[in-house]
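Me: Could you take one part of this model and go through it closely with me? I'd also like to know how it fits with everything around it.

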Amino acid sequence: MLKFNIRGENVEVTDAIRDYVVKRISKLERFLEPNVEANAHVNLKVYSNNRTYKVEVTIPLPYLTLRAEETSNDMYGSVDLVTDKLERQIRKYKTKVNRKSREKGYKNLEFVDTPSEEVEASDSLKIVRTKQIPLKPMDSEEAVLQMDMLGHDFFVYQDAETNGTSIVYRRNDGRYGLIEVN
């Protein structure tokens with residue numbers, strides 16, 4: 001069951017907007033595992049200089065973090081577009097996992113994003129955010145999929161075949177690179 005945390009920047013979140021967001025994003029529950037409880041973080045922004053609306057949605061799940069954002073001239077249209085993006089992400093992920101599990105016999109892969117802590121190092125180098133993630137066994141294709149869904153430029157994972165730590169990253173030319181740590 002999804003719980004909603006809806007926040008507005010430069011816009012008042014009215015009951016009508018809240019109800020529409022809840023109604024549209026709740027449709028994603030049919031794709032989720034039964035009895036999964038997750039928080040949907042929804043951020044609504046209005047840019048007054050060009051009257052555009054940006055909707056950002058992040059749904060951290062035990063096995064995947066869904067994230068999408070969309071900007072348009074209509075708040076409700078942006079919500080619809082974000083919902084469609086999230087639905088495509090879920091379908092793509094489930095198709096990929098099902099295919100991989102049939103091929104290799106994996107169980108459900110999990111990705112958990114733990115809360116970050118602010119850490120300060122020396123005055124010349126400041127670490128402003130620290131994340132701890134468990135490395136889950138997967139192959140490079142699955143890692144690229146996770147990286148794309150998170151919207152990051154790199155992703156660290158445990159290689160399922162070698163049990164070593166590997167990193168996939170997006171190159172400047174748009175293709176992907178792989179670093180295998182010995």
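Reply: One cut-off first: a residue is called buried when its relative accessible area is under 20%, exposed when it is over 50%, and partly exposed in between. Keep in mind, too, that this is a predicted model.

The part I'd pick is helix 3. By that cut-off it is mostly covered, with eight of its 11 residues buried. The buried ones are Glu-142, Ala-143, Val-144, Leu-145, Gln-146, Met-147, Met-149 and Leu-150. So which residue in the 140s lines a pocket without being on that buried list? Asp-148 is one, since it belongs to the lining of the second largest pocket but is missing from the buried residues of helix 3.

That pocket is worth a stop. It holds about 250 Å³ of space. Its lining takes in Leu-145, Asp-148, Met-149, Leu-150 and Gly-151, along with Arg-67, Ala-68, Glu-69, Lys-85, Arg-88, Gln-89 and Lys-92. Strand 4 (65-72), helix 2 and helix 3 (140-150) each give two or more residues to the lining. If you like a rule of thumb while you look at the helical parts, an α-helix has 3.6 residues a turn, so residues three or four places apart point the same way. Gly-151 is where the helix stops: just after helix 3, this glycine takes a positive phi of about 75 degrees.

Now for what surrounds helix 3 in sequence. Strands 5 to 8 make an open sheet in the order 5-6-7-8, with mixed pairing. Strand 5 (137-138) and strand 8 (176-180) are the edge strands, each with a single partner, so one side of each has no neighbour in the sheet. Strand 7 and strand 8 are antiparallel and joined by five bridges, and Ser-166 sits opposite Glu-180 of strand 8.

Leu-178 is a handy residue to click on in strand 8. Leaving aside residues up to four places away in sequence, Leu-178 touches Tyr-157, Ser-166, Ile-167, Val-168 and Tyr-169. Even so, Leu-178 counts as partly exposed, because its relative accessibility is 41%. Its C-alpha is 9.5 Å from that of Phe-154, although the two are 24 residues apart in sequence.

Between strand 6 (154-159) and strand 7 (165-170) there is a loop, and Asn-163 is in it. Asn-163 has a positive phi near 60 degrees, despite not being a glycine. Is Asn-163 buried or exposed? At 53% relative accessibility it counts as exposed. There is another non-glycine with a positive phi: Arg-51, at about 50 degrees. Arg-51 lies in the loop between strand 2 (38-47) and strand 3 (52-60).

Strand 2 makes a nice companion to helix 3 on the burial side. Seven of the 10 residues in strand 2 are buried, so it too counts as mostly covered. Strand 2 runs parallel to strand 1 (residues 2-9), with eight bridges joining them. Ile-6 is opposite Val-42 of strand 2.

Helix 2, which shares the pocket lining with helix 3, has a link of its own to helix 1. The structure holds one aromatic pair. It is made by Tyr-20 and Tyr-76, whose ring centres are 4.8 Å apart and whose planes stand at 90 degrees, so it is edge-to-face. Tyr-20 lies in helix 1 (residues 15-26) and Tyr-76 in helix 2 (residues 75-104), so the pair ties together parts 56 residues apart in sequence. Both rings belong to partly exposed residues: Tyr-20 has a relative accessible area of 22%, and Tyr-76 comes in at 32%.

Finally, the wide view. The protein has three helices and eight strands, running β-α-β-β-β-α-β-α-β-β-β from the N terminus. Of its 182 residues, 36% are buried. The exposed surface comes to about 11400 Å², with carbon and sulfur atoms supplying 47% of it. Taking contacts between residues at least 6 apart in sequence, 42% join residues at least 24 apart. Back at the part we started with, helix 3 has eight buried residues out of 11 and helps line the second largest pocket.

Notes: Residues numbered from 1 in each chain as written. Predicted model: local features only at pLDDT ≥ 70, side-chain atom pairs only at ≥ 80, totals over all residues. Heavy atoms only, no water. Helix = DSSP H or I, 4+ residues; strand = E, 2+ residues; numbered from the N terminus. Buried < 20%, exposed > 50% of the residue type's maximum accessible area, 1.4 Å probe, protein only. Contact = heavy atoms within 4.5 Å. Areas by Shrake-Rupley, 256 points an atom, 1.4 Å probe, with all protein chains shown as cover. Phe/Tyr/Trp six-rings, centres within 6.5 Å; stacked < 30°, edge-to-face > 60°. Pairing = 2+ DSSP bridges. 1 Å grid on protein atoms, 1.4 Å probe; cavity = no way out; pocket = protein on both sides within 12 Å on 5 of 7 lines; lining within 4 Å. Points joined across faces, edges and corners; volume = space filled by probe spheres on them.
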